[in-house]
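The following exercises concern one protein model and are to be worked with its sequence and coordinates at hand. Each task is followed by a solution in steps.

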Amino acid sequence: MWPLVAALLLGSCCCGSAQLLFSEVRSVEYTPCNETVVIPCIVRNVETQSTEEMYVRWKLNKTYIFIYDGSKNNSTVEPSFASAKISVSGLLKGDASLKMSKHNAVVGNYTCEVTELSREGKTVIELKYRMDVNCCQGSDCSDEKEKGGCKLASWFSPNEKILIVIFPILAILLFWGKFGILTLKYKSTRTNKRIILLLIAGTVLTVIVIIGAILLIPGENPVKSASGLGLIVISIGILIPLQYNVFMTAFGMTSFTVPILITQVLGYVLALVGLCLCIMACEPVHGPLLISGLGIIALPELLGLVYMKFVASNQRTIQPPRNK
């Protein structure tokens, strides 16, 4: 009796494991940016040297959608998954991954069943759909919910969102610092009128940026996030004419103020280009360009404040430039 049991155990060891072992993948996801969806199914202990000894079945939930019979070298595909296929040559390496067009992909639990002669095994992988914010503009995701779900993702990481909000707010605070210098130094009627206009424009800009930040930061609704980003980037350009008017009110254009304004214009152009690229691109890879532009816009505000403070500290009373 014992010699027989020992022989059977030895035989099973020589023939390898009776169970096929799979690389563990619990879920995969795809986005509108994907043209092809790949659901991985990797067998780690394939031993056969011929695909004729392989048999693969894929099913979605309880319905078989793809079957490959190696003995007949024939594939059977469910009509609603017409693009589904596997790499037959990859089977000998243990790769039974299912590939299909994103138009045929359906969110759900996919089961990969592989048979190699007398050995078999299966693994379950969940396919998820992730909708990027730039692919979901103008949509309430109702069409995607029909596919089984809609998981929203943002253009930017939380840290990038913080920088997108901080730079404009910093630039606005620096503007109010320059506005305070003008308020303290000028008393003429003409200057008071300009200060009132600067006050109104600065207040409007501040409110717009705050609203944009409120819409952008949560990132739950793609339309709101896109609207908030647009409000911040487009409205921040108001700082350029505001800075120009501050300089003209204080001491006119000088050899130092001209480069400041040119730098701010270049920063705004860079931010607009970054915004356009982020909107048009499928993957959010142009965030640093947008953030760099916003940072450059804030820098001239700082330089302008330092310059005004320097001029003010060297003069008891700053006289507004006279009209010729």
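**Exercise 1. Salt bridges**

How many salt bridges does the structure hold?

*Solution.* The structure holds seven salt bridges, a salt bridge being a side-chain nitrogen of Lys or Arg within 4 Å of a carboxyl oxygen of Asp or Glu. The model is predicted: local features need pLDDT of at least 70, side-chain atom pairs count only at pLDDT 80 or more, and totals for chains, interfaces and linings use all residues. Residues are numbered from 1 along each chain as its sequence is written, and side-chain values use heavy atoms, with hydrogens and water left out.

**Exercise 2. Strands S3 and S7**

Describe how strand S3 and strand S7 are joined, through the backbone and through side chains.

*Solution.*

1. Assign the elements. Strand S3 covers residues 54-60 and strand S7 covers residues 108-116. Helices (H or I, at least four residues) and strands (E, at least two) are DSSP runs, numbered from the N terminus.
2. Examine the pairing. S3 and S7 run antiparallel and are joined by seven bridges; two strands pair if DSSP finds at least two bridges between them. The bridge partner of arginine 57 in S7 is glutamate 113.
3. Turn to the side chains. Glutamate 113 and arginine 57 also meet in a salt bridge of 2.8 Å, N to O. This pair links distant parts of the chain, 56 residues apart, with glutamate 113 in S7 and arginine 57 in S3.
4. Find a further partner. Glutamate 113 forms a salt bridge with lysine 59, with 3.8 Å between the closest N and O atoms. Lysine 59 lies in S3 and glutamate 113 in S7, so this pair ties together parts that are 54 residues apart in sequence.
5. Assess burial, where buried means under 20% relative accessible area, exposed over 50%, and partly exposed in between (1.4 Å probe, protein chains only). Glutamate 113 is buried at 11% relative accessibility, lysine 59 is buried as well, and arginine 57 is partly exposed at 28%.
6. Consider S7 as a whole. Seven of its nine residues are buried, so S7 is largely enclosed by the rest of the structure.

**Exercise 3. The surroundings of arginine 119**

Which contacts does the side chain of arginine 119 make?

*Solution.*

1. Locate the residue. Arginine 119 is in strand S8, residues 119-132, and counts as buried at 6% relative accessibility.
2. List the polar contacts, each a pair of N or O atoms within 3.5 Å; within protein, one must be able to donate a hydrogen and the other to accept it, and residues adjacent in sequence count only if both atoms are side-chain atoms. The arginine 119 side chain reaches the backbone oxygen of asparagine 45 at 2.7 Å. A contact of 2.4 Å joins the side chains of arginine 119 and glutamate 116.
3. Add the salt bridge to glutamate 47, at 4.0 Å, N to O. Glutamate 47 lies in the loop between strand S2 (36-39) and S3, 72 residues from arginine 119. Glutamate 47 is partly exposed, at 43% relative accessibility.

**Exercise 4. Two helices**

Compare the spans of helices H3 and H7 with the expected values.

*Solution.*

1. The expected span of a helix is 1.5 Å times one less than its number of residues.
2. Helix H3 (residues 158-185) has 28 residues and reaches 41 Å from its first C-alpha to its last, close to the expected 40 Å.
3. Helix H7 (residues 257-280) has 24 residues and should span 34 Å; its end C-alpha atoms are 35 Å apart, which agrees.
4. Among the buried residues of H7 are Thr257, Ile260, Leu261 and Gln264. An α-helix has 3.6 residues a turn, so residues three or four places apart point the same way.

**Exercise 5. Positive phi**

What are the phi values of asparagine 73 and leucine 117, and where do these residues lie?

*Solution.*

1. Most residues other than glycine have a negative phi, and most peptide bonds are trans.
2. Asparagine 73 has a positive phi near 50°. It lies in the loop between strand S4 (63-69) and strand S5 (74-77) and is exposed at 57% relative accessibility.
3. Leucine 117 has a positive phi of about 55°. It is found in the loop between S7 and S8 and is exposed, with a relative accessible area of 61%.
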